[in-house]
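Here's a short set of exercises to work through with the model open in your viewer. Try each task before reading its solution.

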Amino acid sequence: MHFVEANGAKIPAIGLGTWELRGRSCARLVEQALRLGYRHVDTAQMYDNEREVGEGLRASGVNRNDVFITTKVWTTHFAPNDLERSTKESLAKLRLKEVDLLLLHWPNPRIPLAETLGALARVRRLGLARHIGVSNFTVALIEEAVAACEEPLACDQVEYHPYLDQSKVMRACASHGMALVAYSPIAKGRIRNDRTLAGIGEKYRKSAAQVCLRWLVQQNVAAIPRTSKIERLSENIEIFDFELSDEKMRRIFALGSPKGRLTDFGFAPKWD
Ligand code: 1BO
């Protein structure tokens, strides 16, 4: 397994994203992924599947300490006391004493960021989270968060794939020693039919999705592809036996634009 190191955190470069996975199929997928060699699972309070992620972890038989578990606090729980209570609820559902990484799921302009970060840092000091970070933060918000937080932030988890230029956020993360963790790394499946990536993959006998994930990890980005298909699990993790040249990396970068975003909501910040 390859790792992305960031402010003391060692994040396995490929993890299983669980957004929109629910119930038994979520637990089964987590169990199977861990049996296949995954060591990183990403969930969130808002996904309503923390219980099943915990079940899958226990069913896999893999030692808890060998698995990197991320969860996220939803924005309505950002007032300091709420954040701590909500983290304890997540841990109770997961049946864990601590998570490896706890993120603020989206920015919430209605609650002062410094107060929320104070609570997040405290949760870390209480031992409920080994590392803390943010998600869906823009460059300006990263700068504000880093300045206000008493504990180091390990990452910003954002949408990132070849169709979305995230160079500004990448630079901001790097300048603070933070990792960028990519959600929707294969652009919600659209990459599977991409001719450029499929063409690049032919030489290595890799699929377009594998080339895409390789492109991400070669930038020192951690990626959390979600799949509901057990057969895709192995495909998404078999990306460590080939390397893309600088020229191929550049060809993939050329597909990106600031307009390639697939996940947006009315409550989202003004993107970079
Ligand atoms: C609203 C959920 C976005 C990805 O975590």
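**Exercise 1.** Find how the side chain of H105 sits relative to the ligand, then work outwards to the rest of the shell.

*Solution.* Start at H105: an N or O atom in its side chain is 2.8 Å from an oxygen atom of the ligand, which fits the cut-off for a polar contact (a pair of N or O atoms within 3.5 Å). Next, go to Y47, where a polar side-chain atom lies 2.5 Å from a ligand oxygen. Now add the other residues around the ligand, meaning those with a heavy atom within 4 Å of it: W19, M46, W106 and F265 join Y47 and H105. Sort that shell by class and you get 5 nonpolar, 1 polar and no charged residues; Trp, Met, Tyr and Phe count as nonpolar here.

A note on the model: it's predicted, so local features need pLDDT of at least 70 and side-chain atom pairs 80 or more, while totals for chains, interfaces and linings use all residues. Residues are numbered from 1 along each chain as its sequence is written, and side-chain values use heavy atoms, without hydrogens or water.

**Exercise 2.** Describe the fold of the protein chain in numbers.

*Solution.* First count the elements: 10 helices (H or I, at least four residues) and 10 strands (E, at least two), as DSSP runs. The radius of gyration, over C-alpha atoms, is 18 Å, close to the 19 Å from the globule rule for 272 residues, so the chain is as compact as a globular protein of that length. That rule is 2.2 Å times the number of residues to the power 0.38. Finally, check burial: 57% of the 272 residues count as buried, meaning under 20% relative accessible area with a 1.4 Å probe, protein chains only.

Definitions and conventions
A polar contact is a pair of N or O atoms within 3.5 Å; within protein, one must be able to donate a hydrogen and the other to accept it, and residues adjacent in sequence count only if both atoms are side-chain atoms. Buried means under 20% relative accessible area, exposed over 50%, partly exposed in between (1.4 Å probe, protein chains only).
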